[in-house]
Amino acid sequence: MLYPHLAERDPEIRNIILKELTRRRHGIDMIPSENVTSVAVLDALGSILTDKYAEGYPGKRYYGGNEYIDQIEELARERAKALFGVSHANVQPYSGSPANQAVYMALCNPGDTVMGLALSYGGHLTHGLGVNFSGIYYKPVNYKTTPDGYIDYDGLEALAKEHRPKMMICGTTAYSRVIDFERIAAIAKSVDAFLLADISHIAGLVVGGAHPSPVGHADVITTTTHKTLRGPRGAMILCNGNPSNPLKAPERTRENIPSLVDRAVFPGLQGGPHNHQTAAIAVALKEASEPTFKIYAAQVVANARALAAALIEKGCSIVTGGTDTHLMIMDVTSLGISGGQAELALGKAGITVNKNTIPNDPRKPFDPSGIRFGTPALTSRGMKEAEVREIAEYMHAALTHSEDEVFLNDIRTKVDALATKFIPYPELDPTV
Ligand SMILES: Cc1ncc(COP(=O)(O)O)c(C=O)c1O
């Protein structure tokens, strides 16, 4: 039986978890920031490590009894360093947003100018949105994409020269093309700005060799661990140099970035690290260093390319005309529906995507013109180009019959048949 202790203590919660597991088995999740972790990652996440307090860093804790927690955090740090090719890793950020917040705190003062890609053009909240800490406590300047959807590097350069930001951020949430880290780093250097590369979305592609790495270009790198990297929810901050652990805050120089980052995470922003999460990150990093992960990363991109090509062949409009990564944005305007209606129709057909703005979106962010979707999770389930082309058929059919409940239900039956051939977490059977 699955979750026997929950069955005894809290059948209500267990039942809801089983319903969620069943939903996943019978549908196809295509939200590009989601994935299917290994059951080994889940084992670490559900372990007794959650009980322990370990404020501080390995060898320098404010609580006793941390000899094994130290070993776990050391392993996670060493694996992160080896995998990404950096000399320092902080694996304690609770998630991607706090990781970015720590970098702001490490490298900028409140009121400093920071420059990131605008949310409505594919950037993240934490890259300088007005209602986010990054736009409230710092002065954001947002660069955009050109109308065809590519990052406007010339515009970015002009803005950097005009505003001379303290920190520039590259990295995206809803962008399907390779990011030219080298070019952005040259611009940052020319205006003496720190460069943060937030590779939350593409970290798995980077370590799998399917996207260039920002290492050697960016001063500091943040990433979530739960997207293409296929780990637990969590984040890491990666950089080069060695932390000196000074008693006083070190000067804001490039050499001091490791110390600045560590101090910003703890005691700057966080208390005790989530040790169960750290252990699960370590497991995911081990998995990502195995040769099969390279095959996975390549297949994620091959699947996304095949999906984009199949949709374009059916007349769908994909922003930039395709993808180099794990995701794509579709403009659904020509289908006579909004992104919200598209999300809803696909949901009824058993395919989960999210509504999303398109470049220069004439509609409002709550009701945009596009949808965002991708292939990390379905690739983890073992789907390849043939399945992805079948999914393109179902997506197109659902989007062109978005009001027809009977038709959508019929598609759902077909999606179900495909989904149940590629069950996520095959080790976890909700029916026993
Ligand atoms: C580029 C980028 N940075 C940061 C984050 C924030 O991560 P979290 O949701 O874990 O705070 C995300 C999440 O979508 C992201 O896409």
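In this predicted model, strands β5 and β7 (residues 167-170) run parallel and are joined by two bridges. One of the facing pairs is M115 with M168, the latter sitting in β7. β5 also has a parallel partner in β6 (residues 139-143), and here the count is five bridges. In that pairing, T113 of β5 has K139 of β6 as its bridge partner. As a bit of background, strands in a sheet are held together by backbone hydrogen bonds, and the pairing can be parallel or antiparallel. As for cover, five of the five residues of β5 come out as buried, so the rest of the structure largely encloses this strand.

Moving along the chain from β5 (113-117) towards α6 (133-136), the loop between them holds V131. Is V131 buried or exposed? With a relative accessible area of 72%, V131 is exposed, since anything over 50% falls in that class. V131 can also be set against A284: the two are 153 residues apart in sequence, and their C-alpha atoms lie 33 Å apart in space.

Strand β10 (residues 235-239) is another well-covered piece, with five of its five residues buried, so it too is largely enclosed by the rest of the structure. Side chains in a regular strand alternate between the two faces of the sheet. In β10, A235, I237 and C239 point one way while M236 and L238 point the other way, and all of them are buried. Which strands pair with β10? One is β4 (residues 88-90), which pairs with β10 in the antiparallel sense over three bridges. Another is β9 (residues 220-224), again antiparallel, this time over five bridges. I237 turns up in both pairings: N90 stands opposite I237, and T222 has I237 as its bridge partner.

A further sheet is built from four strands. What is the order of its strands? The sheet is open and reads β11-β12-β15-β14, with antiparallel pairing. β11 (317-318) and β14 (354-356) take the edges with a single partner strand each, so one side of each has no neighbour in the sheet. For β11, two bridges make the antiparallel link to β12 (residues 327-331). Within that link, S317 faces D331 of β12.

Zooming out to the whole protein chain, the secondary structure adds up to 16 helices and 15 strands. The C-alpha atoms fit in a box of roughly 65 × 60 × 35 Å along the principal axes. How does the radius of gyration fit with a compact globule? For 432 residues, a compact globule would come in near 22 Å, and the protein chain has 22 Å, so the two agree. Buried residues account for 55% of the 432 residues. Contacts tell their own story: of those between residues at least 6 apart in sequence, 72% join residues at least 24 apart.

On the outside, the protein chain exposes about 18300 Å², and 54% of that area is supplied by carbon and sulfur atoms. As for charge, there are 42 positive and 47 negative charges, and the mean positions of the two sets are 2 Å apart.

Key
Residues numbered from 1 in each chain as written. Predicted model: local features only at pLDDT ≥ 70, side-chain atom pairs only at ≥ 80, totals over all residues. Heavy atoms only, no water. Rg over C-alpha atoms; globule rule 2.2 N^0.38 Å. Buried < 20%, exposed > 50% of the residue type's maximum accessible area, 1.4 Å probe, protein only. Contact = heavy atoms within 4.5 Å. Areas by Shrake-Rupley, 256 points an atom, 1.4 Å probe, with all protein chains shown as cover. Lys, Arg positive; Asp, Glu negative; His and termini not counted. Charge placed at Lys NZ, Arg CZ, Asp CG, Glu CD. Pairing = 2+ DSSP bridges.
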